[in-house]
Amino acid sequence: MTKKILFCATVDYHFKAFHLPYFKWFKRMGWEVHVAASGQTKLPYVDEKFSIPIRRSPFHPQNLAVYRQLKDVIDTNQYDIVHCHTPVGGVLARLAARQARRHGTKVLYTAHGFHFCSGAPIKNWLLYYPVEKWLSAYTDCLITINEEDYTRAKGLQRPGGKTQKIHGIGVNTDRFRPVSLEEQQRLREKHGFREDDFILVYPAELNLNKNQKLLIEAAALLKEKIPSLRLVFAGEGAMEQTYRTLAEKLGASGNVRFYGFCRDIHELIQLADVSVASSIREGLGMNVLEGMAAEKPAIATDNRGHREIIRDRENGFLVKIGDGAAFARRIEQLYNQPELCRRLGQEGRKTALRFSEARTVEEMADIYSAYMDMDTKEKSV
C-alpha cells in the first residue's frame, strides 16, 4: 500500500511559498502527498487537496466544525505522517490526529516562531504556552527554526517526544542571487523606478506585527537628506490604509511605495539597494534571508529570528524595536558608504548559503526518515 502524508496549515498559500520542495521530495520517495488548508491555490506535487476553512483566530466558532472536518480526513485516509504548520492549523491538526496516533500515525509540528518568546506580551504566554505544553503530548517531533525556540521547545516536550532544529524553511539561493549593475537597472526600469533611486525593500504582509510604521517614520526622517529614497512595501494586508495615512501625515508619501502583491519578489529584491525588516516578532525572517542571498545589506529589528541570521555590523545591522531614529541612521550610513553596502552584502550572501533550500530539504529528509518505514536516506537528496 502506498504511504501517505498530510500537510496541514491555516492557509494554502503557506505551502506554495515555503513547502513545495518537500512535497516534491515525498513524491520522489513514492509517497502520496495530501494537504489540508483554507484557500483555492493550485499546488504541484499534491495528490489530494482538502480546502478546509481554517480561521486564523483561535477563538473563531467555525474552527470547531473545522476540527471535525480535519478529524474525518485524517481518520478516513489513515496517514503514516501528519505534518502540521502555523499556529491555528497546527493546533487543530494535532487535536484531530489524536486517535490516528494511537494507530501508528506520526505527528510532526514545525513551529515557525512561538508566539510566546522573550519580550512577548504576557497574554501570549498565558494563552499559547499552556496550549503548546498540552499539545506536546500529541506531538512526536517538534521542529524549530531558531535557537531560542529550540531551547524552549526542549522544555515543552514530554518523555518520548523529540525536538529538532533546522535552518529555516530554505532559501532558493539560485532564484535569490546577486545580479549585475546592468541587470539591476533593467529591473528598475521594468518596475517603474529610476536609475538613481535609493531603494529599500520589505516583502511582508501589512500588519501590526510586521510593524511597517517604524520604516515609514524612518523614511520621514530622511526625506530631505535622501530625496531619492524609495521605501517599497511588497505585500497586502489589513493595515495598508493606516500606513498610507501615516506616510501622508508625515509628508513621506513620495518616498513610500505600496507595491501590493508581487509574484516576482526576487526581482524587487534584486533591483533594491538595501533589504529591511521591522517586525516585532519573527521566527527567522525569510525576507531578510532572501535579501541577503541577493547580496543586499540588511537592516532589521533586534528580535530572536533576526538575531539568528544577522551579526550586527558584520553581515548587517540590528536596530532596537521601535527606534525609528536609529533605523534612519543606519539607512543614511549605507547611503553614504557604498563600500560598506558591498561588504555587508557579500557577508550576507555567505550567511544565506547556510540556510539554503538544499540544506533544509536534506535536514528535513533526515527527520522524516526516522518516521518512514523505508530506507529513505539512500534515496534522498
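**Group meeting: the fold and its helices**

The chain has 16 helices and 13 strands. Please keep in mind throughout that what we have before us is a predicted model. The average pLDDT over the chain is 94, and 98% of the residues score at least 70. The exception I wish to mention is the stretch of residues 374–381, where the pLDDT is below 50. In the model this stretch has 17 contacts beyond near neighbours in sequence.

Let me begin with the overall form. A compact globule of 381 residues would have a radius of gyration near 21 Å, and the chain has 21 Å, which agrees. The C-alpha trace spans about 65 × 45 × 35 Å along its principal axes. Of the 381 residues, 54% count as buried. The accessible surface of the chain comes to about 17,000 Å², and carbon and sulfur atoms hold 49% of that. As for the contacts with a separation of 6 or more, 68% of them are between residues 24 or more positions apart.

I turn now to the helices, starting with α2, residues 20–28. Its buried residues include L20, Y22, F23, W25 and F26. What lies over them? The cover includes β1, α1 (residues 13–18), β2 and α16 (residues 357–369). After α2 comes G30, with a positive phi near 90°.

The next helix I have chosen is α3, residues 62–77. At 1.5 Å a residue, its 16 residues should span 22 Å; the end C-alpha atoms are 23 Å apart, which agrees. Which residues of α3 are buried? They include N63, V66, Y67, L70, V73, I74 and N77. These residues cover an arc of only 130° around the axis, which puts them on the same side of α3. The general background is familiar: an α-helix has 3.6 residues a turn, so residues three or four places apart point the same way. On the other side of α3, R68 and T76 are exposed.

Against what does the buried side of α3 pack? Its buried residues meet three strands and two helices: β1 (4–11), β2 (32–38) and β3 (48–51), together with α4 (87–96) and α5 (98–102). Two of these elements, β1 and β2, also appear in the cover of the buried residues of α2. Following α3 is Q78, whose phi is positive, near 50°.

The third helix is α10, residues 240–249, with Y243, L246 and A247 as its buried residues. They cover an arc of only 100° around the axis, which puts them on the same side of α10. The face turned away from that buried side carries Q241, E248 and K249, which are exposed. Among the elements covering the buried residues of α10 are α9 (212–222) and β10. Just after α10, G251 takes a positive phi of about 70°.

Strand β10 deserves a closer look through one of its residues. V256 belongs to this strand, which runs over residues 256–258. Is V256 buried or exposed? Its relative accessible area is 9%, under the 20% limit, so V256 is buried. Leaving aside residues up to four places away in sequence, V256 touches A219, L231, F233 and A247. Of these contacts, A247 is a buried residue of α10. By contrast, V256 and R158 are 48 Å apart in space, C-alpha to C-alpha, with their positions 98 residues apart in sequence.

I shall close with backbone geometry. Most residues other than glycine have a negative phi, and most peptide bonds are trans. Where, then, do E295 and R313 lie? E295 is in the loop between α12 (286–293) and β12 (298–301). Its phi is positive, about 65°, although E295 is not a glycine. At 31% relative accessibility, E295 counts as partly exposed. R313 sits in the loop between α13 (304–307) and β13 (317–319). R313 likewise is a residue other than glycine with a positive phi, in this case near 75°. With a relative accessible area of 53%, R313 is exposed.

How values were computed: Residues numbered from 1 in each chain as written. Predicted model: local features only at pLDDT ≥ 70, side-chain atom pairs only at ≥ 80, totals over all residues. Heavy atoms only, no water. Helix = DSSP H or I, 4+ residues; strand = E, 2+ residues; numbered from the N terminus. Expected span 1.5 Å × (residues − 1). Buried < 20%, exposed > 50% of the residue type's maximum accessible area, 1.4 Å probe, protein only. Arc of directions from axis to C-beta. Contact = heavy atoms within 4.5 Å. Rg over C-alpha atoms; globule rule 2.2 N^0.38 Å. Areas by Shrake-Rupley, 256 points an atom, 1.4 Å probe, with all protein chains shown as cover. pLDDT = per-residue confidence, 0-100.
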